[in-house]
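Ready for a little practice in reading a structure? Take a look, then try the exercises and check yourself against the solutions.

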Amino acid sequence: VITYEGAIEFRLHVLRSFEVAEPGSLIRYLGTSPQWHSVVDKKTEEKLIKIQKDKKLRLRGIAAEPFKKIRPWLASANELTELRYHPLVGSDTNNVEILDDRICIQSFVAPYLAIEIVNKEVAKNYQSYFDFLWSKTK
């Protein structure tokens, strides 16, 4: 378990997630929040988009409802990023990032926090849960 606290460490965490992801892999976001864009600055977001494109990382997120702050991301990496909506899935204050071998619980309330759990079995269970929800959303 790795803990990141504060805006700077949170930004380092999101960069690290993209860096450790295998090329071509799928990163899932359960509860995609507009508040993520308030914590991650423009410079970090640009780095993430570059890593996503270079590694061809596919992103899928489920948000409670559409929000404007994600539009630039979708425009710049739209072939690799998908977003769906369901009112019961999502929160403005947190989400869960699901990679192949880890999950990261992210809090967008000061002091900002990310808790990374490196465990393939836990990740596999969250992937199954996410994929089921994904199949039920549009």
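**Exercise 1.** How many bridges join strand 5 to strand 6, and do they run parallel or antiparallel?

*Solution.* Keep in mind that this is a predicted model. Start by finding strand 5 at residues 94–98 and strand 6 at residues 102–107. Five bridges join them, and they run antiparallel. For a spot to look at, go to asparagine 95: glutamine 106 of strand 6 stands opposite.

**Exercise 2.** Work out which strands stand at the edges of the sheet.

*Solution.* First, write down the order of the seven strands: 1-7-6-5-2-3-4, in an open sheet with mixed pairing. Now look at the ends: strand 1 (2–5) and strand 4 (81–85) each have a single partner strand, so one side of each has no neighbour in the sheet. From one strand to the next, the twist averages 15°.

**Exercise 3.** Is glutamate 116 buried or exposed, and which residue does it meet in a salt bridge?

*Solution.* Step one: the relative accessible area of glutamate 116 is 1%. Buried means under 20%, so glutamate 116 is buried. Step two: its salt-bridge partner is arginine 16, with the closest N and O atoms 2.5 Å apart. Step three: place the two in the chain. Glutamate 116 sits in strand 7 and arginine 16 in helix 1, 100 residues apart. Arginine 16, at 28% relative accessibility, is partly exposed.

**Exercise 4.** Find where aspartate 41 and arginine 11 lie in the chain.

*Solution.* Their side chains meet in a salt bridge, 3.7 Å from N to O. Aspartate 41 is in the loop between helix 2 (36–39) and helix 3 (42–55), while arginine 11 is in helix 1, 30 residues apart.

Technical notes: Residues are numbered from 1 along each chain as its sequence is written. This is a predicted model: local features need pLDDT of at least 70, side-chain atom pairs count only at pLDDT 80 or more; totals for chains, interfaces and linings use all residues. Side-chain values use heavy atoms; hydrogens and water are left out. Two strands pair if DSSP finds at least two bridges between them. Helices (H or I, at least four residues) and strands (E, at least two) are DSSP runs, numbered from the N terminus. Axes are lines fitted to C-alpha atoms, for helices over the stretch in contact, and angles run from 0 to 180 degrees between N-to-C directions. A salt bridge is a side-chain nitrogen of Lys or Arg within 4 Å of a carboxyl oxygen of Asp or Glu. Buried means under 20% relative accessible area, exposed over 50%, partly exposed in between (1.4 Å probe, protein chains only).
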